[in-house]
Amino acid sequence: MDVTTSRFHPDQRPALRAFISATTAHDGEPSLSEYKEMRLDGGIDSREVISVDAEGRVVGYGQAAWHRAIGGVAGHWAMEVVVAPAHRESALAARLIEELRREAGKGQITLWARSPDVTAAARANGWVLSRRLLEMRTSLPIPCAPEGLAGFALTAFRMGVDEHEWLSANNEAFAGHPENGSMTRRDLERRIARPWFDPEGFFLAWDGESLAGSCWTKVHEDGVGEIYIVAVTPGWEGRGLGYGLVCHGLDYLASKRQVSSAMLFVGDDNDRAIALYEKLGFTRTRVLEAFEFGGQS
Ligand SMILES: CC(C)(COP(=O)(O)OP(=O)(O)OC[C@H]1O[C@@H](n2cnc3c(N)ncnc32)[C@H](O)[C@@H]1OP(=O)(O)O)[C@@H](O)C(=O)NCCC(=O)NCCS
């Protein structure tokens, strides 16, 4: 089949959105991470490539988003590629990856593979496995006691008030993490603008004036609840606050949002968080792999 791959043009956005919706419906899983999906309307520091067939239909897409350097973590490109089901046996994933790598130019690149064709293309073309993200799930409600919250004042996130405090506590808790540790105000505001955003499900635990920890929940369109981001500020770890926040978030999802199934993502090297989630009954359901380019440029 005749397929052309080139730099993305903004006029192609409606066709692109329809393509991503179709592949997501086909696979039963989001074709792009939320971070990439939020940039489908165009994002600063993004590179995009697109593949169309002889009839002009979109059959492939790739996006690279720049994550700025912060603390000791170098800036890097994070790439994702989506291929139409009918083209997954072809070399299209490899071509999109290569085009996108060329578009991104210099700088470290991480390729997140969300489907087997992308994983296979990465492995066959000099990309080396670098990180794994676990998806974990559990049924709700869960019998847990948020004892670790005792002594903290719990508030819902206040828009226009809590942004600065939350960003600095979150980035401190995730220091060294390539994505979560470099959240900007714009990243936060993009999420607040999403239809799913619910300030009542975004809890902040205060020790006096200091933000000691937070748990942000999200309810997906299919009714699954997510522990979206949980962070305990350095200085308050190890005293049950993380457990208490997640327990409280799950209780909110079950009792206030009628959620019966919860999920979350966690790095497979985050032993502390995984142990906490397993204590609450979460089990591993899926693994997403990330690759770094180790071949010849
Ligand atoms: C992971 C993180 C949230 C843990 O928070 P924490 O407050 O340090 O953890 P806790 O004190 O609540 O939990 C510590 C232990 O007590 C247990 N615990 C605490 N309260 C409990 C309770 N009421 N009942 C049963 N177990 C409890 C925990 O399961 C855990 O067990 P362990 O000692 O065997 O490790 C925190 O380290 C953090 O913010 N890390 C950086 C950000 C991050 O990685 N977030 C998660 C990414 S997905």
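Me: In which sense do strand 6 and strand 11 pair, and over how many bridges?

Reply: This is a predicted model, and the pairing is read from its backbone bridges. Strand 6 (residues 127-139) runs antiparallel to strand 11, and seven bridges connect them. To find the register, pick one bridge: L133 has G267 of strand 11 as its partner.

Me: How is strand 10 oriented relative to strand 11, and how many bridges join them?

Reply: Strand 10 (residues 225-232) and strand 11 are parallel, with two bridges between them. The residue standing opposite M263 of strand 11 is E226. Between these strands the chain passes through helix 7 (residues 241-256), giving a β-α-β crossover that is right-handed.

Me: Which side chains of strand 11 are buried?

Reply: Go along the strand and sort the side chains by the face they point to. In strand 11 (residues 261-267), A262, L264 and V266 share one face and are buried. The other face carries S261, M263, F265 and G267, which are not buried.

Me: With which strands does strand 12 pair?

Reply: Strand 12 is antiparallel to strand 5 (residues 108-113), with four bridges, and antiparallel to strand 6, with ten bridges. One position on the strand 6 side is R131, opposite A290. On the strand 5 side, A113 is the bridge partner of E289.

Me: Is E289 buried or exposed, and what does E289 touch?

Reply: Burial here comes from a count of neighbours. E289, in strand 12 (residues 283-293), is partly exposed because 19 other C-beta atoms lie within 10 Å, and the cut-off for buried is 20 or more. Leaving out residues up to four places away in sequence, E289 touches A113, T119, L129 and R132. L134 is 155 residues away along the chain, yet the C-alpha atoms of E289 and L134 are separated by 8.9 Å.

Me: And L250, buried or exposed?

Reply: L250 belongs to helix 7 and is buried, because 26 other C-beta atoms lie within 10 Å. With residues up to four places away in sequence left out, the contacts of L250 are L140, I142, A262 and L280. P146 is 104 residues from L250 in sequence, at a C-alpha to C-alpha distance of 10 Å.

Me: What about A22?

Reply: A22 sits in helix 1 (residues 13-27). A22 counts as partly exposed, because it has 14 C-beta neighbours inside 10 Å. From A22 to W206 there are 184 residues in sequence and 43 Å in space, C-alpha to C-alpha.

Me: Which residues of the largest nonpolar core touch the most other members?

Reply: In soluble globular proteins, nonpolar side chains tend to be buried together. In this model the largest nonpolar core has 36 residues, and those touching the most other members are A205, A212, C215, V230, L245 and V246. The elements that give two or more residues to this core include helix 5 (163-173), strand 8 (202-207) and strand 9 (210-219). Helix 7 gives the largest share, eight residues. A second core of 32 residues lies apart from it, with I50, V58, I97 and W127 among its members.

Me: What does A205 touch?

Reply: Not counting residues up to four places away in sequence, A205 touches L149, F152, L154, A212, G213, S214, L241 and L245.

Me: Which backbone values deserve a look?

Reply: Most residues other than glycine have a negative phi, and most peptide bonds are trans. Here a cis peptide bond joins L140 and P141, with omega about 5°. P141 is in the loop between strand 6 and strand 7 (153-156). Q258, which is not a glycine, has a positive phi near 55°. Q258 is in the loop between helix 7 and strand 11, and counts as exposed because it has 11 C-beta neighbours inside 10 Å.

Me: Which residues come nearest to the ligand?

Reply: Of the 22 residues around the ligand, the nearest are V232, E237, G240, G242 and Y243. By class, the shell is made of twelve nonpolar, five polar and five charged residues. Strand 10, helix 7 and helix 8 (271-279) each contribute at least two residues, and the largest share, five residues, is from helix 8.

Notes. Residues numbered from 1 in each chain as written. Predicted model: local features only at pLDDT ≥ 70, side-chain atom pairs only at ≥ 80, totals over all residues. Buried ≥ 20, exposed ≤ 12 C-beta atoms within 10 Å, placed from the backbone. Pairing = 2+ DSSP bridges. Right-handed = clockwise from strand over helix to strand, strands pointing away. Near = placed C-beta within 6 Å. Nonpolar A, V, L, I, M, F, W, Y, C, P; charged D, E, K, R; others polar. Core = buried A, V, L, I, M, F, W, Y, C linked by C-beta atoms within 7 Å. Contact = placed C-beta atoms within 7 Å.
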